Amino acid sequence: MIKRCCAIFVSALLLFGCALAEAPHYSPEDYPRVDGSTATLPLSYALMQQVCGVSEEEAKIAITHTKTTESFYALVDGAADLLLVYAPEASALEYAEDRGEELLMQPITRDALVFLVNADNPVTSLSQEEAVGIYSGEITNWSEVGGEDRPIVAYQRVEDSGSQVMMRAQVMKDVEMMDAPTELRPSEMGELIDRVASYKNTANAIGYSVYYYAHNMYAQDGVRLLAIDGVSPSNETIASGEYPYCQDVYAVIRADEPEDSPARILFNYLQTEECRDLIEAAGYVRLAEE
């Protein structure tokens, strides 16, 4: 069983010189085991820096994220205490339920699924129907969406990745995605972006990622983010919901986590009003106040 409620996330505090009066303090030895998605790693580093007073290099050594779906298995199995994470594959939630493990999930920020093309591709926007058509296999040439007469090479992510879960939930919905060969399913988000930028020195390729990663963590000069229905992805359009493919990102703990444990205290700390400005300053999308 999953409980969902509203929350706020702490971002890269030390990078922006902000101070939080309510921040808990722990030694690195007492700091909870934090896991999660690739695109939340900067948040994990910043949180540990603030709470433990360590350097960024020390935080990077201490923290490893096993990616979205895998991190849920780690939490349920007791190998992690707190997740900063995108929504997982359904099997991970079923795994928790099968083991009688109740999880608490709090939205901490919002991200979006974005489409990437080579910067030389003349197509700048797709409709939602065209995006579905490309990834269902119905649209196979760029000329069908206002581009040049070139075959579309559509990259996908591996099945248990957070971006693949978002792709199915936000874009495809009830439409089945076409199969993709292994060479068009890179295991790492950065690898997908690199391939879209350089595929056989042509502008044939398209792929997708999450906005924060593609825009902030792994921005490439040879890649452009596509608008959808004429709306370009940005912090503003994602926060407002004008950009269509948005999804919350969560902090997650086990429901039976003791009230005085470091994981529970950090989980509660991520809900404080003081954190709203911090997440925005670090480049993540600010959640609207309720």
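Mentor: Let's start inside this predicted model: glutamate 257 and arginine 254 are both buried.

Trainee: What makes glutamate 257 and arginine 254 a salt bridge?

Mentor: Their side chains meet at 3.5 Å, N to O. The rule asks for a Lys or Arg side-chain nitrogen within 4 Å of an Asp or Glu carboxyl oxygen, so 3.5 Å passes.

Trainee: Which residues make up the network that includes Arg254 and Glu257?

Mentor: Salt bridges with shared partners tie Arg33, Asp81, Arg254 and Glu257 together.

Trainee: How many salt bridges does the rule give?

Mentor: The count is 11. Another one joins glutamate 188 to lysine 67, whose closest N and O atoms are 2.8 Å apart.

Trainee: What makes glutamate 188 and lysine 67 a link between distant parts of the chain?

Mentor: They're 121 residues apart. Glutamate 188 sits in the loop between H7 and helix H8 (189-198), and lysine 67 in the loop between helix H3 (56-62) and H4.

Trainee: Why does glutamate 188 count as partly exposed?

Mentor: Its relative accessibility is 39%. Buried means under 20% and exposed means over 50%, so 39% lands in between. Lysine 67, at 26%, is partly exposed by that reasoning too.

Trainee: What about arginine 185 and glutamate 159, what joins their side chains?

Mentor: A salt bridge, at 3.2 Å from N to O. This pair also links distant parts of the chain, 26 residues apart: arginine 185 is in the loop between H7 and H8, while glutamate 159 is in the loop between strand E6 (153-154) and H7.

Trainee: Is arginine 185 buried or exposed, and why?

Mentor: Buried, because its 18% is under the 20% limit. Glutamate 159, at 32%, counts as partly exposed.

Trainee: Why is asparagine 118 called buried?

Mentor: Its relative accessibility is 7%, which is under 20%, so the label fits. Asparagine 118 lies in strand E4.

Trainee: What does the side chain of asparagine 118 reach at 2.7 Å?

Mentor: One target is the backbone nitrogen of aspartate 120, at 2.7 Å. The other is the backbone oxygen of alanine 197, also listed at 2.7 Å. Polar contacts go up to 3.5 Å, so both distances qualify. Leaving aside residues up to four places away in sequence, asparagine 118 touches several others, including Val196, Thr202, Gly222 and Arg224.

Trainee: Next, helix H7. What makes H7 mostly covered?

Mentor: Nine of the 11 residues in H7 (162-172) are buried. Among them are Gly162, Gln164, Met167 and Val171.

Trainee: Which elements do the buried residues of H7 pack against?

Mentor: Helix H4 (68-76), strand E4 (103-118), helix H6 (128-136), strand E7 (205-210) and strand E10 (246-254). Just past H7, lysine 173 takes a positive phi of about 55°.

Trainee: Which residues touch the most other members of the largest nonpolar core?

Mentor: Phe115, Tyr135, Met167, Val171 and Ile206, out of 79 residues. E4 gives the most to this core, with eight residues. Apart from that core lies another, of 15 residues, among them Val76, Leu93, Leu103 and Tyr250. In soluble globular proteins, nonpolar side chains tend to be buried together.

Trainee: What does methionine 167 touch?

Mentor: Not counting residues up to four places away in sequence, methionine 167 touches Leu113, Phe115, Tyr135, Met172, Met177 and Tyr208.

Trainee: What makes both faces of strand E3 covered?

Mentor: Leu82 and Leu84 are buried on one side, Leu83 and Val85 on the other.

Trainee: How do you know that E2 and E3 pair?

Mentor: Pairing takes at least two bridges, and strand E2 (34-36) shares three with E3, so they pair, in the parallel sense. Glycine 36 stands opposite leucine 84 there. E3 and E10 are also joined by three bridges but run antiparallel, with leucine 83 opposite valine 252.

Trainee: How do you know how confident the predictor is?

Mentor: The chain averages a pLDDT of 89, with 92% of residues scoring at least 70. Over residues 1-21, though, the pLDDT is below 50, and that stretch has 70 contacts in the model beyond near neighbours in sequence.

Note on methods: Residues are numbered from 1 along each chain as its sequence is written. This is a predicted model: local features need pLDDT of at least 70, side-chain atom pairs count only at pLDDT 80 or more; totals for chains, interfaces and linings use all residues. Side-chain values use heavy atoms; hydrogens and water are left out. Buried means under 20% relative accessible area, exposed over 50%, partly exposed in between (1.4 Å probe, protein chains only). Helices (H or I, at least four residues) and strands (E, at least two) are DSSP runs, numbered from the N terminus. Contact means heavy atoms within 4.5 Å. A nonpolar core is a set of buried Ala, Val, Leu, Ile, Met, Phe, Trp, Tyr and Cys residues joined through side-chain atoms within 4.5 Å. pLDDT is the predictor's confidence in each residue, from 0 to 100. A polar contact is a pair of N or O atoms within 3.5 Å; within protein, one must be able to donate a hydrogen and the other to accept it, and residues adjacent in sequence count only if both atoms are side-chain atoms.
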